[in-house]
Amino acid sequence: MIFTRTLLKRHSVLPGFDLALGFTLLYISCVVLIPLSAAFLKTATMSSTAFWEAVSSPRVVASYRLTFGASFAAALVNAVFGLVVAWVLVRYEFPLKRVVDALVDLPFALPTAVAGIALTALYAGNGWIGQFLPFKVSFTPLGVFVALTFIGLPFVVRTVQPVLEDLHQEVEEAAATLGADRWQTFAKVVFPVLTPALLTGFALAFARALGEYGSVIFIAGNMPMVSEITPLLIITKLEQYDYPGATAIACVMLVAAFALLLAINGLQAWTRSRQGR
């Protein structure tokens, strides 16, 4: 025990390790652990039958299907195009590059309600983009996918971009001198290095999309069994004073979020091991 305390103090950058650690644990408990535990404690008052009925009704299952399906599809699209955006920002010089780079972070800074209203106005039947489309986007499940794609792009770009910056072009030039064409260079030299970061960005975008609410409710239409997302269903049950039902669904989403966090931490550890850290 004494050796462990000495070792921790030896590697501590700031003084007051015991006090700082205690404050950190207290702060995390008050802000994160206690509120999340309240949801599980409230759900524990339900019988197993009532819990199963609350989380497996047809309306709830339909919201799961839309939320997880649209989130996965949006994260997958962002993984592809986020890689392209990061590649352009790192590998090329062009006018207004800094402006484009700043626009990538716009979904971070923009209030989600503003994003939802803007996307709805753009993709509505009489919107700037929607009027030229042969199909309907706003107030459909496709609108949910569009909103989740919008808010998830920065996670992929900002995760892949630093890895690309550390990957010097000399590596690609060396592959070219050995006879590799551009596709072989990307597939066998560049992409294996980017894979851990790309998977991490995908997982972050997926996790962010699962809990998105503000930008989705305006463009989704919120039709039960059609375009109703799980976070909205939780709010609906709270407004109906169905607190056990709301916390039961919230617990399902929390378990999914914890599983994603474990996956993200595993991917980050894999990234560090691949980079030799």
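These are my notebook entries on a predicted model, kept in the order in which I looked things up.

**Entry 1, overall make-up.** I began with the secondary structure and found 13 helices and zero strands, so the pattern that I wrote down along the sequence is α-α-α-α-α-α-α-α-α-α-α-α-α, with helices taken as DSSP runs of at least four residues. For the extent of the protein I noted that its C-alpha atoms fill a box of roughly 70 × 65 × 30 Å, taken along the principal axes. I then turned to contacts between residues at least 6 apart in sequence, and recorded that 74% of them join residues at least 24 apart.

**Entry 2, surface and charge.** Of the 277 residues, 37% count as buried, and I put the accessible surface at about 16300 Å², with 71% of that area belonging to carbon and sulfur atoms. I counted 18 positive and 15 negative side chains, and I noted that the centres of the two sets lie 5 Å apart.

**Entry 3, the cavity.** How many cavities of 30 Å³ or more does the protein have? The count comes to one, and the volume of the largest cavity is about 30 Å³. Its lining, as I listed it, consists of Thr67, Ser71, Val144, Leu148, Ala209, Leu210, Glu212, Val216, Ile229 and Pro231. The elements that give two or more residues to this lining are helix H4 (58–91), helix H8 (141–166) and helix H10 (182–210).

**Entry 4, the pocket.** I looked next at the largest pocket, which holds about 260 Å³ of space. Its lining includes Leu36, Ala207, Gly211, Ile234, Met253 and Phe258, and I also found Leu210 and Pro231 there, two residues that I had already listed for the cavity. Which element gives the most to the lining of the largest pocket? I found that H13 does, with six residues, while H10, helix H12 (230–239) and helix H13 (243–274) each supply at least two.

**Entry 5, positive phi values.** I checked the backbone for residues other than glycine with a positive phi, and wrote down Asn222, where phi is near 55°, and Met225, where phi is near 75°. Asn222 lies in the loop between helix H11 (214–220) and H12, and Met225 has its place in the loop between H11 and H12 as well. Is Asn222 buried or exposed? The relative accessibility of Asn222 is 26%, so I entered this residue as partly exposed, since buried would require a value under 20% and exposed a value over 50%.

**Entry 6, Thr159.** I followed Thr159, which lies in helix H8, and entered this residue as buried because its relative accessible area is 17%, under the 20% cut-off. Leaving aside neighbours within four places in sequence, I found Thr159 in contact with Ala197, Thr200, Gly201 and Leu204. I also looked up the pair Thr159 and Leu262, which are 103 residues apart in sequence and 17 Å apart in space, C-alpha to C-alpha.

**Entry 7, Asp18.** My last look was at Asp18, found in helix H2 (residues 17–44), where a relative accessible area of 40% makes this residue partly exposed. Between Asp18 and Leu133 I recorded 115 residues in sequence and 61 Å in space, again from C-alpha to C-alpha.

Technical notes
Residues numbered from 1 in each chain as written. Predicted model: local features only at pLDDT ≥ 70, side-chain atom pairs only at ≥ 80, totals over all residues. Heavy atoms only, no water. Buried < 20%, exposed > 50% of the residue type's maximum accessible area, 1.4 Å probe, protein only. Contact = heavy atoms within 4.5 Å. Areas by Shrake-Rupley, 256 points an atom, 1.4 Å probe, with all protein chains shown as cover. Lys, Arg positive; Asp, Glu negative; His and termini not counted. Charge placed at Lys NZ, Arg CZ, Asp CG, Glu CD. 1 Å grid on protein atoms, 1.4 Å probe; cavity = no way out; pocket = protein on both sides within 12 Å on 5 of 7 lines; lining within 4 Å. Points joined across faces, edges and corners; volume = space filled by probe spheres on them.
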